[in-house]
Amino acid sequence: MQIPADMVINCVIAAIFIHSKQPPKNFIYHVSSSLRNPLKYCDISKFCHSYFKKTPCINQNGKPIVISNPCLVNSFVAFDIYIKVTHVLPLKVLSLVNKICHHSFQDVYDKKSRKLRMMHRLATLYKPYVYFKFVFDDKNTEILRMAAKGGPKMDNVELNFDPTTIDWIEYMMNIHIPGLVKYQMK
């Protein structure tokens with residue numbers, strides 16, 4: 001799944017520092033959490049649901065948008081079918097009705113079409129991660145972490161790139177999801 005970018009940057013800085021005098025034999029570092037602190041898709045779904053229950057988006061009328069419990073599927077093909085049946089097909093019907101009724105429902109169609117495009121952007125963004133079942137071997141990164149102990153510091157703080165220190169609830173609820181809302185969901 002994902003990992004906070006600052007951890008990747010910290011690993012790069014540590015690798016440069018540790019290997020500045022002698023090139024490494026194994027210089028591939030997987031900065032990942034899949035082995036030591038996995039984040040599962042079902043957890044992300046729960047975090048998102050919880051976040052938007054507590055901090056709902058506001059619609060054009062100034063009212064909170066009510067969300068329902070998420071529908072979890074176990075493959076992208078199943079997700080694609082679900083989206084087509086529940087969103088794309090009704091949108092096509094609405095488009096046809098809109099044309100028959102001389103574009104009387106254009107504003108509704110445009111709004112639903114925008115929502116579907118946003119959902120598609122988010123699905124595309126997360127597609128490589130959501131159903132990915134592999135576990136990355138971070139043995140080299142763990143060796144680098146041990147070598148960096150007492151090594152490079154930023155503002156007198158040790159560089160952290162240990163995935164076991166990530167509190168996924170804290171990260172998702174206070175950093176990742178608010179960042180998506182602010183920068184992606186415009």
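Select methionine 172 to begin: leaving aside neighbours within four places in sequence, this residue is in contact with Gln2, Leu39, Ile44, Phe47, Ile177 and Pro178. The model on screen is a predicted one.

**The nonpolar cores**

Extend the selection from methionine 172 to the largest nonpolar core, which has 21 residues. Within this core, Met172 is one of the members that touch the most others, together with Phe47, Leu144 and Phe161. Colour the helices next: α1 (5-18), α2 (41-54), α5 and α6 (168-183) each contribute at least two residues to this core. The largest share, 5 residues, is supplied by α6. Apart from this core lies another, of 5 residues, including Val73, Val130, Tyr131 and Leu180. In soluble globular proteins, nonpolar side chains tend to be buried together.

**Helix α6**

Stay with α6 and display its buried residues, which are Trp168, Tyr171, Met172, Met173, His176, Ile177 and Leu180. These buried residues pack against α2 and α4 (106-130). Move to the N-terminal end of α6, where aspartate 167 acts as the cap. A side-chain oxygen of aspartate 167 lies 3.2 Å from the backbone nitrogen of isoleucine 169. Then follow the helix to histidine 176, where α6 bends by about 30 degrees. Proline 178 follows within four residues of that bend.

**Threonine 141 and cysteine 11**

Select threonine 141 next, in helix α5 (residues 139-148). Is threonine 141 buried or exposed? Its relative accessible area is 1%, so threonine 141 is classed as buried. Show its surroundings: beyond residues up to four places away in sequence, threonine 141 touches Cys11, Tyr29, His30, Val31 and Phe161. Phe161 has already appeared among the core residues that touch the most other members.

Centre the view on cysteine 11, which is also buried, with a relative accessible area of 4%. How many disulfides does a search of the whole structure find? The search finds 0. Cysteine 57 illustrates this: the nearest cysteine sulfur, that of cysteine 48, is 11 Å away, and cysteine 57 is in no disulfide. With 27% relative accessibility, cysteine 57 counts as partly exposed.

**Tyrosine 41**

Go to tyrosine 41 in helix α2. This tyrosine is partly exposed, at 25% relative accessibility. Residues up to four places away in sequence aside, tyrosine 41 touches Leu72, Val73, Val130 and Tyr131. Of these contacts, Val73, Val130 and Tyr131 are among the members of the 5-residue core. Draw a C-alpha to C-alpha distance from tyrosine 41 to tyrosine 129: the two are 88 residues apart in sequence and 8.5 Å apart in space. Now draw the corresponding line from threonine 86 to asparagine 174, which are 88 residues apart in sequence and 30 Å apart in space.

**Aromatic pairs**

Display the aromatic rings, among which a search of the whole structure finds 3 pairs. One of them joins tyrosine 51 and phenylalanine 52, with centres 5.1 Å apart and 90 degrees between the planes, an edge-to-face arrangement. Both partners are buried: tyrosine 51 has 11% relative accessibility, and phenylalanine 52 has a relative accessible area of 15%.

Turn then to phenylalanine 76 and phenylalanine 79, whose ring centres are 5.5 Å apart. Their planes stand at 40 degrees, so this pair is tilted. The two residues are 3 apart in helix α3, which places about one helical turn between them. An α-helix has 3.6 residues a turn, so residues three or four places apart point the same way. Phenylalanine 76 is partly exposed, at 26% relative accessibility.

**Along helix α3**

Continue along α3 (residues 76-100) to threonine 86. Threonine 86 is partly exposed, with a relative accessible area of 33%. A polar atom of the threonine 86 side chain lies 2.6 Å from the backbone oxygen of tyrosine 82.

The last stop is asparagine 98, also in helix α3. Here the relative accessibility is 2%, so asparagine 98 counts as buried. Which backbone nitrogen lies 3.3 Å from a polar atom of the asparagine 98 side chain? That nitrogen belongs to serine 104. Leaving out residues up to four places away in sequence, asparagine 98 touches His103, Ser104, Phe105, Gln106 and Tyr109.

Notes. Residues are numbered from 1 along each chain as its sequence is written. This is a predicted model: local features need pLDDT of at least 70, side-chain atom pairs count only at pLDDT 80 or more; totals for chains, interfaces and linings use all residues. Side-chain values use heavy atoms; hydrogens and water are left out. Buried means under 20% relative accessible area, exposed over 50%, partly exposed in between (1.4 Å probe, protein chains only). A polar contact is a pair of N or O atoms within 3.5 Å; within protein, one must be able to donate a hydrogen and the other to accept it, and residues adjacent in sequence count only if both atoms are side-chain atoms. Contact means heavy atoms within 4.5 Å. A nonpolar core is a set of buried Ala, Val, Leu, Ile, Met, Phe, Trp, Tyr and Cys residues joined through side-chain atoms within 4.5 Å. A disulfide is a pair of cysteine sulfur atoms within 2.5 Å. The bend at a residue is the angle between axes fitted to the seven residues ending there and the seven starting there. Rings of Phe, Tyr and Trp (its six-membered ring) pair if their centres lie within 6.5 Å; planes under 30 degrees apart count as stacked, over 60 as edge-to-face and the rest as tilted.
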